[in-house]
Amino acid sequence: MKIAFDIDDCITQTAQTFCRYYTSIYGKNLSVNELTSRSGKFEDTGLISKNQVKKIKESYHKDRVFRNIKPYSGSVVILKNLSKEKIYFITTRNDYFQTDLEADTRYWFQKYDIYNYDLVFTQDKSKVLEDLGIELFVED
């Protein structure tokens with residue numbers, strides 16, 4: 001069976017990390033529950049501007065946040081078990097320079113001893129899922 005996973009807020013605590021950065025930069029608390037939007041974009045909540053998101057993502061790049069982002073409890077064990085067969089990670093990550101983003105994402109997988117996977121960056125997950133013949137997709 002071909003299985004694929006989203007990364008952010010599915011296996012990693014991306015929204016929590018974003019909230020911590022927001023609080024650190026702007027001195028205001030922002031909860032994960034407030035960041036929910038149909039588009040999945042933080043700026044579409046109406047609580048923060050595109051410029052604020054851009055500033056946070058610039059800090060992500062500087063700090064190489066995706067090398068150290070925390071996984072959800074149990075997710076690494078599950079992924080290690082599943083990666084005995086090839087698994088796929090399909091993400092719309094576009095947080096900073098693509099080459100650094102891919103390197104940092106791959107570093108994270110290596111750090112947690114997750115191997116035997118394909119990593120796809122896309123803005124059209126449904127097309128990639130269809131093209132790869134994915135039978136099960138785990139999304140946040």
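Here are four short exercises with worked solutions on a predicted model.

**Exercise 1. Follow helix H1**

Task: Find how far helix H1 reaches, which of its residues are buried, and what comes after the helix.

Solution:
- Start with the length. H1 covers residues 14-26, which makes 13 residues. From its first C-alpha to its last it reaches 18 Å, close to the 18 Å expected at 1.5 Å a residue.
- Next, look for the residues tucked away from the surface. Thr14, Ala15, Thr17, Phe18, Cys19, Tyr21 and Tyr22 of H1 are buried. Helix H2 (50-63) is included in what covers them.
- Finally, step past the end of the helix. There you meet glycine 27, with a positive phi near 70°.

**Exercise 2. Set H1 against H2**

Task: Work out how H1 and H2 are oriented to each other, and which residues make their contact.

Solution:
- Take the geometry to begin with: the axes of the two helices are 10 Å apart, and the packing angle is about 105°.
- Now name the orientation. Angles of 65 to 115 degrees count as roughly perpendicular, so H1 and H2 are roughly perpendicular to each other.
- Then list who takes part. H1 brings Thr14, Thr17, Phe18, Tyr21, Tyr22, Ile25 and Tyr26, while H2 brings Asn51, Gln52, Val53, Lys55, Ile56, Ser59, Tyr60 and Asp63.
- Sort these residues by class, and the contact of H1 with H2 has eight nonpolar, five polar and two charged residues.

**Exercise 3. Visit threonine 122**

Task: Locate threonine 122, decide whether it is buried or exposed, and find its partners.

Solution:
- Go to the loop between strand S3 (117-121) and helix H5 (125-132); threonine 122 sits there.
- Check its accessibility. Buried means under 20% relative accessible area, and threonine 122, at 15%, therefore counts as buried.
- Look along the chain: a polar atom of the threonine 122 side chain lies 2.9 Å from the backbone nitrogen of aspartate 124.
- Now set aside neighbours within four places in sequence. Threonine 122 is then in contact with Ile90, Thr91, Thr92 and Val128.

**Exercise 4. Two positive phi angles**

Task: In the loop between H4 and S3, examine the phi angle and the accessibility of aspartate 113 and asparagine 116.

Solution:
- Begin with aspartate 113, in the loop between helix H4 (98-111) and S3. Although aspartate 113 is not a glycine, its phi is positive, about 55°. Its relative accessible area is 43%, so aspartate 113 is partly exposed.
- Move on to asparagine 116, also placed between H4 and S3. Asparagine 116 is not a glycine either, yet it has a positive phi of about 60°. At 38% relative accessibility, asparagine 116 counts as partly exposed.

Methods. Residues numbered from 1 in each chain as written. Predicted model: local features only at pLDDT ≥ 70, side-chain atom pairs only at ≥ 80, totals over all residues. Heavy atoms only, no water. Helix = DSSP H or I, 4+ residues; strand = E, 2+ residues; numbered from the N terminus. Expected span 1.5 Å × (residues − 1). Buried < 20%, exposed > 50% of the residue type's maximum accessible area, 1.4 Å probe, protein only. Contact = heavy atoms within 4.5 Å. Polar contact = N/O pair within 3.5 Å; in protein donor to acceptor, adjacent residues only side chain to side chain. Axes fitted to C-alpha atoms, helices over the stretch in contact; angles between N-to-C directions. Parallel < 35°, antiparallel > 145°, perpendicular 65-115°, else oblique. Nonpolar A, V, L, I, M, F, W, Y, C, P; charged D, E, K, R; others polar.
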